[in-house]
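User: I have a chain open here and would like to go through it with you. Can we start with the side chains and work outwards?

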Amino acid sequence: MPFPQGRVMGGSSTIMGCGRLRGVPGDYDEWARMGAVGWGWDDVLPFFRGLESDQDFGGPLHGRDGPVPIRREPRAAWSPIARAVGEEMRRRGWAHVDDLNADFSRWPLHHGEQPL
């Protein structure tokens, strides 16, 4: 199947889109434990929230008034290749996660931490 690539300023995001995911809370907390003062999850979350205007989810993990709109592509709008990848992931037992910026339950945990 052909897979077009961007060959312009902006690269592939010009024709395909752009993604934004946060790191896993446990990683930020580990950095803080290792001496990166101000880089724990509770320290960085206000900056994530202040940056974004989440179009799909609310609550304490999401901003609503920031300059960067965040939205998820509805499955009905997925391209054929995205649908094929999604179906293969489902077939292999990988669950779809609606909100990767708040549901960290499927990420590997560090040092015996529990999911949020």
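**Contacts, helices and rings**

Analyst: The side chains of Glu-88 and Arg-91 make a polar contact of 2.6 Å. Note that this is a predicted model.

User: Where does Glu-88 lie?

Analyst: Glu-88 is in helix α4.

User: And why is Glu-88 classed as partly exposed?

Analyst: Its relative accessible area is 28%, and partly exposed covers the range between under 20%, which is buried, and over 50%, which is exposed.

User: Moving past that helix, where is Asp-99 found?

Analyst: Asp-99 sits in the segment after α4, the helix of residues 80-91.

User: Is Asp-99 buried or exposed?

Analyst: Asp-99 is buried, because its relative accessible area is 7% and the cut-off is under 20%.

User: Which side chain joins Asp-99 in a polar contact?

Analyst: That of His-62, at 2.6 Å. In addition, a polar atom of the Asp-99 side chain lies 3.1 Å from the backbone nitrogen of Asn-101.

User: What else does Asp-99 touch, leaving out residues up to four places away in sequence?

Analyst: Phe-57 and Arg-72, along with His-62.

User: Change of topic, helix packing. At what angle do α2 and α3 pack?

Analyst: About 125°, with the axes 8 Å apart. Helix α2 covers residues 25-33 and helix α3 covers residues 41-51.

User: Why are α2 and α3 called oblique?

Analyst: Angles over 145 degrees count as roughly antiparallel and 65 to 115 as roughly perpendicular. The angle of about 125° falls in neither range, so α2 and α3 are oblique to each other.

User: Which residues meet there?

Analyst: From α2, Pro-25, Tyr-28 and Asp-29; from α3, Trp-41, Asp-42, Val-44 and Phe-48. The contact divides into 5 nonpolar residues, 2 charged and no polar ones.

User: Now the rings. How many aromatic pairs are in the whole structure?

Analyst: A search finds 6. One of them is Tyr-28 with Trp-31, which is edge-to-face, at 5.1 Å centre to centre and 70° between the planes.

User: What separates Tyr-28 and Trp-31 along helix α2?

Analyst: They are 3 residues apart in the helix, so about one helical turn lies between them.

User: What about burial for Tyr-28 and Trp-31?

Analyst: Tyr-28 is buried, with a relative accessible area of 10%. Trp-31 is partly exposed, at 41%.

User: What kind of pair do Trp-41 and Phe-48 form?

Analyst: A tilted one, with 6.1 Å centre to centre and 45° between the planes. Both Trp-41 and Phe-48 are buried.

User: Which residues form the aromatic cluster?

Analyst: Tyr-28, Trp-31, Trp-39, Trp-41, Phe-48 and Phe-104 form one cluster. Of these, Tyr-28 in α2 and Trp-41 and Phe-48 in α3 also take part in the helix contact.

User: Last topic, the chain overall. How many helices and strands are there?

Analyst: There are 4 helices and 2 strands. Starting at the N terminus, the order is α-α-α-β-β-α.

User: And how much of the chain is buried?

Analyst: Of the 116 residues, 22% are buried.

User: What share of the contacts with a separation of 6 or more comes from residues 24 or more positions apart?

Analyst: That share is 31%.

Notes. Residues numbered from 1 in each chain as written. Predicted model: local features only at pLDDT ≥ 70, side-chain atom pairs only at ≥ 80, totals over all residues. Heavy atoms only, no water. Buried < 20%, exposed > 50% of the residue type's maximum accessible area, 1.4 Å probe, protein only. Polar contact = N/O pair within 3.5 Å; in protein donor to acceptor, adjacent residues only side chain to side chain. Contact = heavy atoms within 4.5 Å. Axes fitted to C-alpha atoms, helices over the stretch in contact; angles between N-to-C directions. Parallel < 35°, antiparallel > 145°, perpendicular 65-115°, else oblique. Nonpolar A, V, L, I, M, F, W, Y, C, P; charged D, E, K, R; others polar. Phe/Tyr/Trp six-rings, centres within 6.5 Å; stacked < 30°, edge-to-face > 60°.
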